[in-house]
Amino acid sequence: MPLARSLSVTSLSGLEEWDEEFDREDAVLFEIAWEVANKVGGIYTVIQTKARLTCEEWGENYFLVGPYMESSVRTQVELIEPCNATLRRTIDKMNSSGCKVYFGRWLIEGSPYVILLDVGFTAWSLDRWKSELWENCSIGVPWFDREANDAVLFGFLTAWLLGEFAAQCDEPPHIVAHFHEWLAGLGLVLCRQRQLPVATIFTTHATLLGRYLCAGNVDFYNKLAEFNVDKEAGDRQIYHRYCLERAAARCAHVFTTVSQITAIEAEHLLKRKPDIVTPNGLNVKKFSAMHEFQNLHAQSKARIQEFVRGHFYGHLDFNLDKTVFLFIAGRYEFSNKGADIFLEALARLNYLLRVNHSEVTIIAFFIMPARTNNFNVETLKGQAVRKQLWDTAQTVKERFGKKLYESLLVGQLPDVSKMLDKEDFTMMKRAIFATQRQCLPPICSHNMLEDSSDPILNCIRRIGLFNSAQDRVKVIFHPEFLSSTSPLLPMDYEEFVRGCHLGVFPSYYEPWGYTPAECTVMGIPSISTNLSGFGCFMEEHIADPSAYGIYILDRRYRGVDESCNQLTSFLFQFCQQSRRQRIIQRNRTERLSDLLDWRYLGRYYVSARHMALAKAFPDTFIYEPQEPTSATGFRYPRPASVPPSPAHSLHSSPHHSEAEDEEEPYDEDLEAEKDRVNIRQPFNLPNRNKNHTVGLPEKN
């Protein structure tokens, strides 16, 4: 089935620029999601990073609505009294009626207002609300599904909040309510069922059924039009969740998805074609000094190298200056996230590097949280041994320096043979003996609770990558999110990504893909697929993605073995790059960051809200979007100079000489200047005060 374009827009030509102003004092935006001030997955990143731009647009009339989670509120939210009189009356009325509603500021960029609903406090109403849901919507929720029960409580409380707010307004309000994902979707359904004066938007970041089907190893995209969705949802015991999601998608004034490929998926599984595609963005921070991100890469890489020195103590028989760090990170979905194909490609890459006698060593990190009970003792011991060696070296250096200093004071050249005495040699020999180990460096940094059935570990056992001396590819499985307070690898995720050379995300099911987007913003090349929203977005906007360090793996029209061979080829050719070529490529990758900035992508959300207002309040608002054309749009051309990309490399040897590097014609400043001329800059939303808003175009 070809991935044809829909009426949804993901190019600049499909959206108008909103120049006229209108009075928004009576217009209020509520954005509702389970992940408001509650980090669970990628939606948290979407809302957190987008908040600053939305605050600039809506000012004091923007409120985020989420669940009250005490542990998160303590560290992320400043509880205050509502400044909006209508909202204050609304919250007081709900609290006096048996609810617990909190109001505050979320301590992130933009400092948006948040309304937090305590679902646990109103659990006494669950049976009554579930009965009402069955009577009015014919959706039954089983008692044992705690997540669905929370969705019911959250949905009814959200609808209560919006209905009470509308009732407390002195004049007829214009309310926009934007709901994210099925956990918040019931509130939208109830708003429409109760005929509240609310313009509703529903965004699905990934369909429930799509995620379950892909995890079940089905030929998802080729059979997308053939699934009996009711039967498939029932077989997987998620029919009630599916009904909530589908009802929200069908009831919304405006339905959006985060990528074109998810739009096609939603059209078949949720039976509604999205009105607009709203890609996910990031807040891009440009450095004042050119290439500052390269310095950050070097600093973070040095910290990763220190960890590697400890992890591989006793087997550190490879050159860290010729070591390339790869990583995959995200939710632990072995097949959906492409960990299966990545491991298979690493095994084939290991063979290619060995037969070509390559001096390059690959260390592949798997950062995927799983169930563990503690750190691996051998891993902790490695870091302790590394620290002991460092302390020994520092002690010997101080003693050596003191003797050298005393020798120079008396005007004598030092006798190097006498600078180190027997005690120094004894100390160093003891340190060397401490580095001896009888076992291979561990694969997993933690003790797994389900070691024998873990998919990654079982695959590693099958392909035989055990970190042995003859292997050119080493594997480290870190089944926990990274933290700067970790005693093992004390780095935040952003620091870790900056220190790596390549992010590998060969996902089979990836509605958007924040991990490669974060790599791009930080100037780190990445591998994505044409089945991920990010990969499709980049193919649409960049004439030659690989020249900019964005490698698109074909998992749509190739079989698993062919895709694995293509991934192996990408990795092997990346290993052939010299250090200078990798620097050039990182410069080009970082130049794509504007494309992923909310200043550009935020306008799709603006358009969705305008569309919803026009549909809900046609007497007041008008929306007339331009028809998108395939010929125009925002596209990065091929780089002005010959790219050092592996995909275009003419070299066949595993590594380049310095002479080859110097012959390559490349001037970073000249190329950057040519790009500035050739690349049409993305649309920027104007910076606005809290009382200054963007309006809808009126008919002439």
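# Strands, helices and cysteines

Q: What handedness does the unit of β16, helix α19 and β17 have, and how do you know?
A: β16, helix α19 (residues 533-541) and β17 make a right-handed β-α-β unit. The term means that, with the strands pointing away from the viewer, the path from the first strand over the helix to the second runs clockwise. Helices (H or I, at least four residues) and strands (E, at least two) are DSSP runs, numbered from the N terminus. This is a predicted model, in which local features need pLDDT of at least 70 and side-chain atom pairs count only at pLDDT 80 or more, while totals for chains, interfaces and linings use all residues. Residues are numbered from 1 along each chain as its sequence is written, and side-chain values use heavy atoms, leaving out hydrogens and water.

Q: How do you know that β16 and β17 pair?
A: Pairing takes at least two DSSP bridges between two strands. β16 and strand β17 (residues 550-553) have 4 bridges and run parallel. One place to look is Ser528, whose bridge partner in β17 is Ile552.

Q: What happens on the β15 side of β16?
A: Strand β15 (residues 502-504) pairs with β16 in the parallel sense over 2 bridges, and Gly503 stands opposite Ser526 in β16. From β15 the chain crosses through helix α18 (residues 514-521) to β16, in a right-handed β-α-β crossover.

Q: Which way do the residues of β16 point, and are they buried or exposed?
A: In strand β16 (residues 526-529), Ser526 and Ser528 point one way, while Ile527 and Thr529 point the other way. All of them are buried, which means under 20% relative accessible area, with exposed over 50% and partly exposed in between (1.4 Å probe, protein chains only).

Q: Why are β14 and β17 said to stand at the edges of the sheet?
A: The open sheet of 6 strands has the order β14-β11-β10-β15-β16-β17, with parallel pairing. β14 (473-478) and β17 each have a single partner strand, so each has one side without a neighbour in the sheet. The twist from one strand to the next averages 25°. Further in, strand β10 (residues 323-329) is joined to β15 by 2 bridges and runs parallel to β15, and Leu326 stands opposite Leu502 in β15.

Q: Why is α7 called oblique to α9?
A: Helix α7 (residues 208-215) and helix α9 (residues 239-251) pack at about 135°, with axes 9 Å apart. Angles under 35 degrees count as roughly parallel, over 145 as roughly antiparallel, 65 to 115 as roughly perpendicular and the rest as oblique, so that angle makes α7 oblique to α9. Leu208, Leu209 and Tyr212 of α7 make the contact with Arg241, Tyr242 and Glu245 of α9; contact means heavy atoms within 4.5 Å.

Q: Why does Ile524 count as buried?
A: Its relative accessibility is 1%, so Ile524 falls in the buried class. Ile524 lies in the loop between α18 and β16. Val497 is 27 residues from Ile524 in sequence, yet their C-alpha atoms are 7.6 Å apart.

Q: How do you know that Cys251 and Cys564 are in no disulfide?
A: A disulfide needs two cysteine sulfur atoms within 2.5 Å, and the structure holds 0 of them. For Cys251, the nearest cysteine sulfur, that of Cys137, is 7.4 Å away. The sulfur of Cys564 is 9.5 Å from the closest one, in Cys459, and that is too far for a bond.

Q: What accessibility classes do these two cysteines fall in?
A: Cys251 has a relative accessible area of 26% and is partly exposed, whereas Cys564, at 2%, is buried.

Methods:
Axes are lines fitted to C-alpha atoms, for helices over the stretch in contact, and angles run from 0 to 180 degrees between N-to-C directions.
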